[in-house]
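I sat down with a new structure today and kept a few notes as I went. Here is what I looked up, entry by entry.

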Amino acid sequence: MIRVRFEPSGFEVDARPGEAIMDITDANPAAEVPYSCRAATCGTCRVEVLEGAEALSKPDAYELEVLEIFGDTPDKVRLCCQAKLTDAPSPKVTLKVCDD
Amino acid sequence: MSPTAQPEEIVEYDPIYDPFNPELIADPYPFYARLRDEHPVYYNERMGFYVLSRYDDIFAALRKPQIFSSAQGLTPIKDEISQLGIPPTFIMMDPPDHTRLRRLITKAFTPDTVKQLEPTIRRFVVEHVEAMKQKSADGEEVDLIAGIASPLPTMVVANILGVPPEDRPKFDPWSDAITSASADFALDVQQAIGAVQGLVEYFGGMCRARRANPTDDMITKLTQAEVEGETLSDWDILGFCFVMIAGGNDTTTNLIGNSMKWLHEYPDQHRELLQDPALIPNAIEELLRIESVVQGLSRTTTRDVEYYGTAIPAGSKVHNLYASGNRDPRHWGATADELDIHREVDRHLSFAQGPHFCIGAHVARMMIRIYFEEMGARVGERFEIDWNNATRRHSAFTRGFTKIPIRIRA
């Protein structure tokens with residue numbers, strides 16, 4: 001299990017490798033991650049990866065294109081609608097909803 | 001009326017694509033097919049704008065705000081922002097300004113907030129469906145638009161903004177006037193300006209009231225929000241209200257009306273949907289695809305671009321025909337013009353694409369899902385719609401109905 005923490009809500013939950021971050025936020029509204037398209041286009045669910053980037057799946061071309069629009073780098077910012085937990089050893093992933 | 005408005009003047013519409021051509025407004029799809037096949041990039045000389053009609057071109061343009069900017073407005077009309085006199089809205093901005101302002105209202109669209117809305121929406125839909133049934137049983141005429149399709153999104157938008165129920169009926173005339181630009185744009189602008197003034201007056205008062213007595217609604221949150229250390233002015237907040245009303249109100253109304261028309265054309269699929277409500281979410285995506293409520297919106301080029309050998313200079317308005325892209329057989333295959341509720345609908349254009357993707361898309365999806373669920377459970381196949389007396393909305397940029405007479409059997 002991987003401990004996933006969301007900021008600024010401070011909500012934490014244990015999740016399994018393979019789980020999509022958006023499935024976690026859907027099941028746990030207290031995580032307070034906004035969303036809209038769920039399809040790597042709008043960037044509403046952008047989160048800053050504060051720790052555990054290695055435990056997230058690699059971004060595909062669609063996600064990279066969206067991150068580029070916002071001037072983000074994929075090792076620091078991800079889309080919750082695209083990122084999944086991998087089985088890379090990482091005790092914790094912390095994601096912070098982007099301010100801008 | 002504006003001194004420039006001369007309704008008796010005969011306008012020579014561009015025969016290939018002119019958003020104000022009444023023939024195109026009546027049935028745009030043959031025009032779109034010709035555009036895609038013969039003029040994938042087209043220049044409308046009368047109004048001075050370019051048109052993109054193929055799925056791939058529109059998809060790519062919408063995802064490149066650095067080249068296709070929203071800052072000069074969203075219609076092909078030059079100077080639309082100054083003509084309408086609207087407050088600054090984040091939908092007419094580009095990243096990063098757009099991102100900062102859009103972020104302020106995303107809190108209204110988190111899973112938690114949306115989940116909290118569901119019981120309110122369901123209660124409202126049940127009450128309105130039952131009221132339509134009762135009226136029909138009493139022998140009264142029932143209009144599906146006035147009975148549920150229009151009041152439903154009005155209630156939801158008002159609920160999010162914090163508008164009290166008694167003031168909600170004011171919304172519809174405003175949103176109608178703002179979004180119904182038709183053949184006589186100068187006249188429509190006059191009506192839209194009146195609507196904007198009404199909106200400004202009402203929400204200006206609400207901003208003052210919420211600053212004095214905060215609640216937990218969106219307007220209170222906006223009065224308390226800061227962007228780069230500065231609070232928003234009432235005028236800034238009015239921009240948000242404008243987006244919510246113009247974007248969230250009659251769009252869902254039109255989606256319900258269009259969906260009923262398509263399901264009427266494909267009764268077997270309607271029956272299937274009634275028998276298996278699990279099909280509803282995918283059917284909604286297909287209904288969104290087949291008849292895009294917003295037919296298209298424009299961007300302005302920030303640099304020279306080229307399509308199919310045609311140069312589009314920097315500073316040009318480019319109109320992206322979402323409804324055409326959604327029917328492009330190059331992307332959707334030979335059945336693009338047919339409804340198929342089992343189709344795998346990946347990334348239609350009806351909510352746009354890119355950073356301007358409709359912020360309330362999931363709320364709209366939830367509204368129409370609950371509408372189908374409750375209509376299916378409470379009415380099923382026991383209704384007839386008098387399509388001969390249904391009235392289409394006469395609009396250059398949106399597609400839907402203003403009246404759909406329905407009779408519900410007991």
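Which residue of β5(A) does V4(A) stand opposite? I checked, and V4(A) faces V93(A) there. Note to self: this is a predicted model.

Next I looked at the two strands behind that pair. β1 (residues 2-7) and β5 (residues 92-97) of chain A run parallel, and I count five bridges between them.

Then I turned to the other partner of β1(A). β2(A) is antiparallel to β1(A), with four bridges joining the two. In this pairing R3(A) sits opposite D14(A) of β2(A). The hairpin made by β1(A) and β2(A) has four residues between its strands, and I found G10(A) there with a positive phi near 80 degrees.

After that I stepped back to the whole sheet. I read the order in chain A as β2-β1-β5-β3-β4, an open sheet of five strands with mixed pairing. At the edges I have β2 (12-15) and β4 (77-79) of chain A, each paired on one side only. I also looked up the twist: neighbouring strands in this sheet are turned by 35 degrees against each other on average, ignoring direction. A reminder I wrote in the margin: strands of a sheet pair through backbone hydrogen bonds, either parallel or antiparallel.

Last entry, the contact between the chains. Chain A puts in 19 residues and chain B 23 residues. On the side of chain A that touches chain B, I noted that α1 (21-27) and α2 (61-69) of chain A each supply at least two residues. I sorted that side of chain A by type and got nine nonpolar, five polar and five charged residues.

Definitions and conventions
Residues are numbered from 1 along each chain as its sequence is written. Chains are lettered from A and ligands numbered from 1 in the order in which they are written. This is a predicted model: local features need pLDDT of at least 70, side-chain atom pairs count only at pLDDT 80 or more; totals for chains, interfaces and linings use all residues. Two strands pair if DSSP finds at least two bridges between them. Axes are lines fitted to C-alpha atoms, for helices over the stretch in contact, and angles run from 0 to 180 degrees between N-to-C directions. Two residues are in contact if their C-beta atoms, placed from the backbone, lie within 7 Å. Ala, Val, Leu, Ile, Met, Phe, Trp, Tyr, Cys and Pro count as nonpolar, Asp, Glu, Lys and Arg as charged, and the others, Gly among them, as polar.
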